[in-house]
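Hi,

Here is the structure I said I would pass on. Have a look at it first, then read on for what turned up.

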Amino acid sequence: MELKPGTRLRSQVGPTEVVVVKSPGGDLGLACGGQPMIPAGDAPAEGLTVAETASDSTLLGKRYTDPDDRIELLVTKPGVGTLALDGVGLGLKQAKPLPASD
Amino acid sequence: MAITLLLDLAESMDPERLAVGLRDEQITAEGLSRLTVGGAAVIVASGARSVAFIGVNGSAFPVAMFAAARAGVPIAPLNYRLAEGQLRELLGRLDAPLVIVDEAYLSVLAGADLPVLSTDEWMRRCATEPAADLPDVDDGDPAVLLFTSGTTAAPKCVVLRHQNLQSYVLQTVEPGSAAEGDAALVSVPTYHVAGVGTVLTNVFAGRRLLYLPNFTPRAWLDLVREEQVTFAMVVPTMLARILDEIGDDVPELPALRTLAYGGARMPQPVLERALRAFPTVDFVNAYGLTETSSTIAVLGPEDHRVALDSDDPAVRARLGSVGRLIPGVEGQVRDFDRVVPAGEEGELWVRGEQVSGEYEGLGSALDEAGWFPTRDRARMDEDGYLFVLGRSDDVIIRGGENIAPAEVEDVLLRHPAVAEVAVLGLPDEEWGECLAAVVVPATGAQCDVEVLREWVRSQLRSAKTPDRIIFRDELPHTDTGKLLRRQLPREFSTVPTPS
């Protein structure tokens with residue numbers, strides 16, 4: 001699936017929803033709980049469950065990124081299921097807040 | 001979805017957090033969201049394809065902005081101070097607008113065949129209208145239309161799409177990062193890009209939006225104290241007036257933590273006075289353009305402190321910098337097609353998801369690789385600090401040499417007899433253009449043309465010394481603090497040329 005900044009995705013195994021903040025573009029395999037994430041408006045496939053090895057919880061309003069900082073996601077609805085890019089789990093991004101300017 | 005995502009996320013993170021208005025009004029994030037759902041239903045029922053907002057800043061504006069976004073139509077905040085004819089002209093450029101207008105400006109709509117709601121009526125309807133089916137909104141749809149102030153030409157209508165505004169906020173603000181009780185005081189008008197940006201960034205951060213409709217320094221100081229404002233954004237002329245109002249009697253503003261300024265060039269003497277008057281406050285310089293969805297560079301609090309305390313001229317000069325580009329924005333300084341190295345002057349080009357560069361009816365100003373020419377003269381130092389020297393159109397070419405007015409203005413402003421100054425080029429048979437200065441003398445000061453010329457000559461050199469200087473009681477500004485340079489040449493037409 002083509003991932004652009006602003007793209008909204010949902011988990012197929014729980015309530016998790018994210019918005020893409022940063023993306024290198026192109027076709028990327030993004031997963032939540034071991035299952036591919038789908039466009040936020042689509043219905044999940046039936047019968048999917050969270051993989052045991054990918055059962056961390058996501059936190060509302062937090063950013064997640066891959067070790068190479070290629071992609072950044074913001075969680076708009078939290079839930080159970082580790083976020084992963086091409087099989088590698090995403091980690092919580094340490095916020096480096098800019099000073100408020102307007 | 002679109003920019004309403006920002007409000008929806010803030011609401012889900014802390015629905016009870018106060019979002020807009022005075023503390024007594026108790027409008028929470030959940031309450032604001034509900035008003036925008038009602039407002040969207042009002043807009044959809046009207047059949048309008050855009051919303052025009054003609055009014056002073058206030059809680060009705062953020063409600064209208066998010067309501068229009070939910071309804072999938074762009075909102076165009078207009079300058080209510082324009083003459084009736086100009087306002088009608090701008091309204092005529094909008095697609096089937098619903099007009100939300102303050103009572104005071106209702107007469108502008110007389111005879112216009114448009115659906116109209118007074119601001120008060122708008123807020124009442126938002127509170128009572130049942131929710132309606134709303135369209136799907138695409139990130140690529142227009143969200144906000146802003147008419148440029150037209151200091152150099154007729155107003156152009158800048159199109160900011162959901163993806164531009166959303167990118168700006170997602171790149172620069174942490175959701176819910178404001179502390180409980182934080183409040184932002186907004187003094188810029190709704191039709192300024194900072195008046196749009198402030199709605200999105202503060203709602204997303206969970207910082208209550210508080211409005212000062214008609215700025216006076218006294219009212220600003222009172223509101224900061226009474227409402228325990230923690231963050232305020234002002235344009236440079238406002239900051240100068242606040243400093244003049246308090247004089248040596250600096251008031252206690254214990255809650256105020258951050259003061260951001262932008263919208264026009266800040267005269268360095270004003271900034272230094274402000275830093276000394278409010279030593280515990282964090283100062284932030286924000287630089288951006290309407291076409292870039294507000295801020296693209298920031299000079300932060302630590303930068304200000306280090307520069308003010310430094311004896312190194314290069315570090316101290318950073319007080320006059322707009323800081324470094326924010327995440328998601330790239331910049332280049334170009335001389336025609338050539339990207340110039342650090343330290344050299346040229347025109348600033350920027351690129352990024354938040355950069356729109358698009359004008360209604362005129363198309364996009366971006367080049368093939370997505371770069372936008374800001375038409376601002378600039379240079380960037382080795383560490384990425386950006387110095388904006390003024391509009392490219394304002395550069396004076398005297399005898400083949402490019403002179404940025406700002407450089408000469410800064411020197412003149414350091415003379416104790418000068419309160420305000422504008423430097424411009426006038427046609428000249430010998431040099432092509434000559435340098436002219438309009439000076440507003442400091443109160444009670446004796447100003448002498450030759451003394452001021454010698455002052456500049458001793459610090460710059462002859463080529464940058466104004467050939468002509470005249471004195472005036474004030475300079476013409478837009479109400480958002482931008483100098484109206486194109487009005488200045490006529491000041492010289494009545495003054496005889498010195499022999």
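Below are my notes on the cavity, the interface and the salt bridges.

One thing before you start: this is a predicted model, so please read everything here in that light.

Let's begin with the empty space. A search of the whole structure turns up one cavity of 30 Å³ or more. Its volume comes out at about 60 Å³. Which residues line it? From chain A there are A:Pro5, A:Gly6, A:Val20 and A:Val21. Chain B brings B:Asp139, B:Gln163, B:Gln166, B:Ser167, B:Leu170 and B:Gln171. If you sort that lining by class, you get four nonpolar, five polar and one charged residues.

As for secondary structure, at least two lining residues each come from strand E2 (17–22) of chain A and helix H6 (162–172) of chain B. H6(B) gives the most, with five residues.

Now the interface. On the chain A side, 17 residues are in contact with 36 residues of chain B. Together the two chains bury about 2000 Å², and 60% of that is on carbon and sulfur atoms.

What about polar pairing across it? The rule finds ten residue pairs in polar contact between chain A and chain B, both residues being at pLDDT 80 or more. On the side of chain A that touches chain B, E2 and strand E7 (72–77) of chain A each supply at least two residues. E7(A) has the largest share there, three residues. By class, that side of chain A divides into ten nonpolar, four polar and three charged residues.

There are also two salt bridges across the interface of chain A and chain B. A:Arg8 forms a salt bridge with B:Asp139, where the closest N and O atoms are 3.6 Å apart. You have met B:Asp139 already, since that residue is also in the cavity lining.

Last, the salt bridges in general. Side chains of opposite charge can pair when their charged atoms come close. Over all chains, the search finds 45 salt bridges. One to look at within chain A is the pair A:Lys77 and A:Glu17, whose side chains meet at 3.7 Å, N to O. This pair links distant parts of the chain, with A:Lys77 in strand E7 and A:Glu17 in strand E2, 60 residues apart. Both strands came up above as suppliers of residues to the side of chain A that touches chain B.

Cheers

Terms used: Residues are numbered from 1 along each chain as its sequence is written. Chains are lettered from A and ligands numbered from 1 in the order in which they are written. This is a predicted model: local features need pLDDT of at least 70, side-chain atom pairs count only at pLDDT 80 or more; totals for chains, interfaces and linings use all residues. Side-chain values use heavy atoms; hydrogens and water are left out. On a 1 Å grid over the protein atoms alone, a cavity is a set of points where a 1.4 Å probe fits but cannot get out, and a pocket is an open set with protein on both sides within 12 Å along at least five of seven lines; lining residues have an atom within 4 Å of a point. Grid points are joined across faces, edges and corners, and a volume is the space filled by probe spheres set on the points. Helices (H or I, at least four residues) and strands (E, at least two) are DSSP runs, numbered from the N terminus. Ala, Val, Leu, Ile, Met, Phe, Trp, Tyr, Cys and Pro count as nonpolar, Asp, Glu, Lys and Arg as charged, and the others, Gly among them, as polar. Contact means heavy atoms within 4.5 Å. Buried area is the accessible area (1.4 Å probe) that two parts lose on being put together, summed over both. A salt bridge is a side-chain nitrogen of Lys or Arg within 4 Å of a carboxyl oxygen of Asp or Glu. A polar contact is a pair of N or O atoms within 3.5 Å; within protein, one must be able to donate a hydrogen and the other to accept it, and residues adjacent in sequence count only if both atoms are side-chain atoms.
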